[in-house]
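Here are a few notes from my read-through, in no special order. Have the model open while you go through them.

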Number of protein chains: 4
Amino acid sequence: MSVLRGRQFFMHPGPTNIPDRVLRAMDAAAVDFTGKDFVSRREKAVEGLKRMLKTKDGVVICYASSGHGAWEASVANTLSPGDKVLVCAAGYFSENWARMATAFGAEVEMLETPERHAVDPAAVAARLAKDDAREIKAVMIVQNETATGTMHPVPAVRKAIDSVGHPALFFVDTISSFCSYDFRMDDWGVDLVVGGSQKGLMLPPGMAFNAVSEKAWNASQSARNPRRYWDWRNMVENRRQVRFTGTPPMHFFYGLEASVAMIEEEGLENVFARHRRLATATRACVKAWAAGGGPDVFPLDPAAASDSLTACLMPKGHNAEEVRRIAETDFNVALGRGLAQLEGRVFRIGHMGDLNEPMLLGALACVEMALKRAGVPHGSGGLDAAMATLA
Amino acid sequence: MSVLRGRQFFMHPGPTNIPDRVLRAMDAAAVDFTGKDFVSRREKAVEGLKRMLKTKDGVVICYASSGHGAWEASVANTLSPGDKVLVCAAGYFSENWARMATAFGAEVEMLETPERHAVDPAAVAARLAKDDAREIKAVMIVQNETATGTMHPVPAVRKAIDSVGHPALFFVDTISSFCSYDFRMDDWGVDLVVGGSQKGLMLPPGMAFNAVSEKAWNASQSARNPRRYWDWRNMVENRRQVRFTGTPPMHFFYGLEASVAMIEEEGLENVFARHRRLATATRACVKAWAAGGGPDVFPLDPAAASDSLTACLMPKGHNAEEVRRIAETDFNVALGRGLAQLEGRVFRIGHMGDLNEPMLLGALACVEMALKRAGVPHGSGGLDAAMATLA
Amino acid sequence: MSVLRGRQFFMHPGPTNIPDRVLRAMDAAAVDFTGKDFVSRREKAVEGLKRMLKTKDGVVICYASSGHGAWEASVANTLSPGDKVLVCAAGYFSENWARMATAFGAEVEMLETPERHAVDPAAVAARLAKDDAREIKAVMIVQNETATGTMHPVPAVRKAIDSVGHPALFFVDTISSFCSYDFRMDDWGVDLVVGGSQKGLMLPPGMAFNAVSEKAWNASQSARNPRRYWDWRNMVENRRQVRFTGTPPMHFFYGLEASVAMIEEEGLENVFARHRRLATATRACVKAWAAGGGPDVFPLDPAAASDSLTACLMPKGHNAEEVRRIAETDFNVALGRGLAQLEGRVFRIGHMGDLNEPMLLGALACVEMALKRAGVPHGSGGLDAAMATLA
Amino acid sequence: MSVLRGRQFFMHPGPTNIPDRVLRAMDAAAVDFTGKDFVSRREKAVEGLKRMLKTKDGVVICYASSGHGAWEASVANTLSPGDKVLVCAAGYFSENWARMATAFGAEVEMLETPERHAVDPAAVAARLAKDDAREIKAVMIVQNETATGTMHPVPAVRKAIDSVGHPALFFVDTISSFCSYDFRMDDWGVDLVVGGSQKGLMLPPGMAFNAVSEKAWNASQSARNPRRYWDWRNMVENRRQVRFTGTPPMHFFYGLEASVAMIEEEGLENVFARHRRLATATRACVKAWAAGGGPDVFPLDPAAASDSLTACLMPKGHNAEEVRRIAETDFNVALGRGLAQLEGRVFRIGHMGDLNEPMLLGALACVEMALKRAGVPHGSGGLDAAMATLA
């Protein structure tokens with residue numbers, strides 16, 4: 001196999017491109033994690049997370065874990081065996097979070113969403129309205145379904161819950177939306193946030209967090225699932241994380257300092273605008289391919305198309321894995337695969353994190369060349385269409 | 001406060017000095033964690049772990065977590081509520097592991113060890129002999145108690161278990177002994193190993209692992225504690241880890257590749273010899289201090305003194321924290337604090353991982369100067385004593 | 001000004017993209033530069049240079065300096081005041097090398113080449129034929145004129161010299177061609193090579209070298225220009241560099257080790273093929289722009305167009321600096337400026353070193369968008385044309 | 001040979017320990033060296049150099065070169081063939097600078113200083129007093145002779161020159177004193193400074209500089225030596241460097257930014273105090289060795305002993321190289337060798353740059369162990385003596 005040169009275009013929807021500044025910040029000696037210096041640095045970095053979550057009251061609790069760990073923490077801390085939860089089911093990740101809840105004894109109800117559609121707030125309202133006994137303890141939703149590139153309408157779901165006066169906790173997975181597009185914990189009445197390091201935060205995988213409202217905190221005090229590694233009660237004092245279960249993953253905080261600084265130098269809203277701009281260009285390109293019988297944007301409703309990644313649905317009879325293979329082998333462009341039932345049907349172009357126009361356009365050009373080499377039909381002019389939205 | 005210059009002498013008993021080679025290896029872009037390249041690199045690195053654990057049959061399962069996560073994994077996967085376990089209680093870390101087991105519903109019995117002593121295998125045998133009903137499901141021991149600098153006799157405990165023909169699983173925490181002194185999973189009949197990245201492996205904190213014997217694996221199949229993040233059943237196929245719960249902490253595997261290579265270039269037995277040499281020098285120095293009424297090596301039995309750190313017990317009326325403060329503030333030498341009931345009574349000199357003679361001697365010299373500045377009595381000639389063992 | 005994110009596309013014709021592997025190799029402590037370890041590493045790295053220069057007999061002498069230093073070394077070591085040299089004048093860099101020779105007392109004759117053309121070997125032959133007295137001591141040529149993106153025919157010039165039996169030394173500047181396209185010191189009878197670190201070698205600027213044939217070495221023994229920093233006589237023993245004038249720039253040798261390894265893993269001829277491929281794509285794109293009245297490839301003869309950079313000649317009335325400014329400010333794509341008389345008339349797209357398809361295409365797309373924003377007329381379809389050559 | 005572990009104690013008198021912060025700053029992509037951003041960063045870093053040189057009027061001119069390059073620049077720019085210069089000869093480096101001047105046609109007079117002594121200002125005055133014709137164009141002195149660890153009295157030599165009203169230019173090499181102890185270009189009437197990157201500035205080797213007074217600048221306008229790489233006239237406009245001869249060594253400026261920041265955070269006078277403190281400790285240790293017939297501090301006059309390194313003169317019949325070999329091979333402590341006539345007679349302990357107490361004490365302890373292993377007689381108590389000065 002030939003040796004590839006130049007930088008790999010890493011267009012995965014997570015982990016993402018880690019900026020040099022973050023990598024260099026993490027390329028550093030260990031320090032006393034109980035010392036004043038590190039504690040102060042850690043706390044300041046977490047203050048940044050809170051600003052980006054747009055929460056004043058939420059308690060942010062970080063873990064050495066993948067995002068799935070923060071999922072487990074969310075259910076282990078708040079649920080007891082037998083608790084009912086309603087999961088807005090809309091793809092691989094919502095299904096897996098549901099499995100987490102099931103593993104911890106919850107009675108999980110999946111509110112299914114048709115493929116290629118966003119979660120319907122009306123359906124949530126309708127289901128909750130029928131819950132006369134108010135048995136549903138939590139509504140769980142993934143803001144950005146990473147498997148399908150779909151944005152789900154978190155604030156509208158909040159309104160749906162409120163519209164029927166349901167007291168359920170509102171859990172939101174922001175793993176692949178955080179720092180890519182808007183999220184407002186306090187304004188949107190989110191009780192529990194699940195987030196991770198390796199997407200919009202531009203860090204390596206290995207740190208995750210919850211942000212916890214007072215209501216979710218209160219729920220955790222009586223929850224009866226066994227837990228210790230994730231146990232908020234041992235980690236939080238005065239609504240602030242003062243402790244980890246074991247050694248904190250200190251290098252991630254070195255990196256987080258840098259990533260918070262980078263995001264705030266650019267301006268969070270500018271970060272969102274950049275993601276929107278690059279996402280729009282991507283969709284214009286894919287739509288041009290689709291116009292010639294090529295891969296199409298997975299969500300049917302343009303408003304549901306994600307600003308952090310674009311899942312491309314292959315035309316029938318063509319395998320997405322072949323496109324991915326060629327893109328990587330021939331052009332050093334790494335794309336995300338289709339997950340579970342979407343394997344082979346979808347490839348995913350991540351456009352979140354530390355990305356800009358030439359990175360995106362270079363990748364799109366190579367995807368188009370890979371389509372050609374793979375013999376996948378596709379409309380022409382994709383690049384020009386993308387450039388037209390950007391120029 | 002004045003600005004400190006030069007390299008900090010980081011003499012903590014974990015995290016430890018991370019070699020430049022490891023840091024540089026981790027200073028790298030993310031890659032496709034499902035791709036062949038990364039999977040092959042990861043598996044090769046884990047093969048190295050297995051060689052260092054001296055196991056052929058053990059299944060090594062890695063987690064994005066601190067070492068405490070691997071503790072939780074050990075009990076969540078193997079125990080069911082009500083299971084009895086016997087913990088060789090000998091300090092802060094064995095107590096915390098016990099709490100982990102308690103949190104997961106185990107009925108924990110603490111086999112207490114007198115302060116400043118190693119676990120007594122005869123006591124283990126005696127206790128197990130009385131367990132006529134063979135109710136004790138697991139014996140849990142920390143090979144190296146990081147809080148007290150005590151080495152506990154793992155192979156002798158194994159023999160003790162065998163001497164009474166007890167079928168209990170044998171769980172060993174190697175967090176602060178692994179790669180510092182000998183451990184032999186297969187020869188010593190260890191069923192479940194708990195290990196972490198940030199000590200003898202010379203990596204940052206944030207990755208931990210279990211190694212699991214067939215017997216422990218079988219136990220896990222019927223264990224009834226809720227678990228998903230740590231669930232071996234989802235991660236292992238054909239006795240090999242094929243999956244993580246979420247994104248693997250890939251940068252730790254970049255680092256692990258380097259650390260395995262470094263350890264094997266030096267030779268694992270040479271690594272042990274170096275730790276023994278540096279530990280011996282440290283103890284000679286501390287004993288010289290003690291001879292003049294100064295801090296003394298915590299374990300009373302020289303054979304129990306750890307090769308990975310030396311806990312120094314302060315003379316009555318003097319506070320270890322003051323010594324630590326001066327060493328760090330005046331000389332840029334960072335020492336470990338005393339934990340829980342040992343806070344203030346003990347400071348700890350880590351001598352594990354990427355350490356050599358001048359690092360150790362420079363640190364010891366500065367500790368001695370800190371003792372002097374703190375007004376702590378101590379014998380003279382500590383450095384010469386240390387150097388005599390090394391020259 | 002808005003903050004730019006994502007990686008800068010650094011499309012300068014030197015310095016170039018420095019691979020992470022090189023940067024990490026240079027991110028290392030100083031070592032004893034007289035010790036066996038370093039000397040052996042340095043010598044092995046230089047052996048790599050020799051393989052890439054395709055010389056067995058040439059003595060490679062490295063300097064802590066920019067490429068201009070190696071120019072100065074070339075003339076200071078070989079020429080005496082009053083010596084005649086013939087410079088194949090074809091742009092900014094050949095002119096500057098000539099000034100170097102003039103500063104050291106040479107009587108320099110400029111053999112002018114018409115703008116947008118490569119050096120004409122016949123003209124060289126004709127001029128040398130007239131040098132009955134064989135007074136011309138050296139013929140100097142820049143293989144790749146970085147200011148104009150022109151490849152000059154080094155082997156044909158060698159043949160021209162031979163065709164008239166002229167004994168002149170043959171000096172070749174390979175600064176922006178080395179490791180981008182073919183060079184053969186021995187086969188082409190080159191007596192003195194000038195090379196630098198910061199282009200095809202993918203290192204930072206700061207190290208340069210000469211490669212010296214026996215004939216040039218002999219000439220240096222009687223040359224009467226003052227010199228010490230560059231003095232071969234102090235640095236070379238047994239036709240090998242054994243010494244630097246002062247401390248060697250050791251970090252560049254750390255980097256050189258990595259860069260030689262990278263080039264040889266890929267295969268030098270594959271490196272050349274990659275440069276040819278990317279250059280061809282660039283020219284196809286620029287030609288599409290030119291077809292609509294836009295910027296054109298500077299050299300008129302396609303065979304003279306450089307594989308390491310493309311100088312783009314602006315249409316009359318448009319300023320290249322404005323295109324550069326927009327590309328950098330709006331799209332984070334850095335282009336090279338026009339030099340001296342070409343300032344404003346030319347922008348330059350470097351495509352040498354650690355580059356691949358998506359890097360190039362992303363850059364070209366952004367240049368096209370910059371042309372649009374700058375109101376520079378240009379044909380459409382540039383990207384498609386480039387992609388057509390690559391797909 | 002066994003593999004060494006832990007950090008090498010790099011106790012060379014240059015290059016020195018490069019702080020992580022500097023290395024990380026240099027671990028960065030290339031940028032447009034003509035762009036506003038880089039030019040501004042470069043100029044700010046050079047302003048820092050000027051503050052540390054304590055000059056308002058001096059023009060600082062940087063080169064991609066070793067310190068020897070700045071030597072060559074000093075003589076090539078200011079002298080013409082036949083010019084007389086007086087060199088305060090006091091060791092290897094003053095001799096080599098003299099050779100540089102000789103190579104450029106100067107008529108060099110060596111004012112010899114007895115071995116193990118500092119330059120005698122009275123001798124300078126006496127010699128200049130005899131120069132009735134005022135033919136001596138420059139007095140050249142090395143502030144810190146790196147070969148012998150001797151500080152030469154620069155301000156006293158200035159006074160000596162003034163005392164006889166001699167108009168000679170005053171050239172000072174600060175390579176191994178800069179940022180280790182005091183230097184005041186303006187107050188001391190220094191006309192030309194030679195400095196380098198790799199000692200007190202804590203950078204890798206590869207950048208050097210001159211600082212030039214108006215008087216030296218004026219001298220350069222009529223100097224007739226050939227020069228171009230070093231030619232101030234092409235690099236300076238309005239008494240500021242605006243240009244390099246070729247590409248500037250940009251990564252060194254990234255590093256310089258960090259090193260200036262580090263020095264100024266600590267405070268330049270505090271940096272000097274730290275060097276004095278560590279030098280005093282070193283000398284106390286060596287004097288204890290000497291008291292038992294061991295190696296002794298090279299300069300006989302304590303006031304002449306350098307704060308940046310200590311040259312240790314071996315007892316007769318013992319070879320310094322054997323001590324160096326053991327220190328490096330057995331203890332990973334790298335010492336400087338004896339140069340030229342001092343080879344084997346001297347080993348050198350660098351204590352300049354990014355150094356602190358534990359680094360120094362660790363090194364001294366290992367040197368003592370190396371003396372023991374080498375069978376070199378030496379007094380005991382060296383470490384205690386050093387610690388006594390520090391505690």
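1. How many salt bridges are there between chain C and chain D? The count is four. One to look up joins the side chains of R24(C) and D27(D), with N to O at 2.9 Å. Keep in mind that this is a predicted model.

2. On the C and D pairing more broadly: 50 residues of chain C touch 50 residues of chain D. About 3,600 Å² is buried between these two chains, and carbon and sulfur atoms give 61% of that area.

3. Now for chains B and A. Here 50 residues of chain B are in contact with 50 of chain A, and the buried area is about 3,600 Å², with 61% coming from carbon and sulfur atoms. The rule finds four salt bridges across this interface. R24(A) pairs with D27(B) in a salt bridge, and their closest N and O atoms sit 2.9 Å apart.

4. Inside chain D, have a look at helix α10 (residues 268-291) against helix α12 (residues 357-374): they pack at about 15 degrees, axes 10 Å apart. Since angles under 35 degrees count that way, α10(D) is therefore roughly parallel to α12(D). The crossing of α10(D) past α12(D) is right-handed.

5. Who meets whom in that helix pair? From α10(D) come R277(D), L278(D), A281(D), T282(D), C285(D) and W289(D), and they meet E357(D), L360(D), L364(D), V367(D), E368(D) and L371(D) of α12(D). By class, this contact of α10(D) with α12(D) has eight nonpolar residues, one polar and three charged.

Terms used: Residues are numbered from 1 along each chain as its sequence is written. Chains are lettered from A and ligands numbered from 1 in the order in which they are written. This is a predicted model: local features need pLDDT of at least 70, side-chain atom pairs count only at pLDDT 80 or more; totals for chains, interfaces and linings use all residues. Side-chain values use heavy atoms; hydrogens and water are left out. Axes are lines fitted to C-alpha atoms, for helices over the stretch in contact, and angles run from 0 to 180 degrees between N-to-C directions. Helices (H or I, at least four residues) and strands (E, at least two) are DSSP runs, numbered from the N terminus. Angles under 35 degrees count as roughly parallel, over 145 as roughly antiparallel, 65 to 115 as roughly perpendicular and the rest as oblique. A crossing is left-handed if the near helix is turned anticlockwise from the far one by less than a right angle, and right-handed if clockwise. Contact means heavy atoms within 4.5 Å. Ala, Val, Leu, Ile, Met, Phe, Trp, Tyr, Cys and Pro count as nonpolar, Asp, Glu, Lys and Arg as charged, and the others, Gly among them, as polar. Buried area is the accessible area (1.4 Å probe) that two parts lose on being put together, summed over both.
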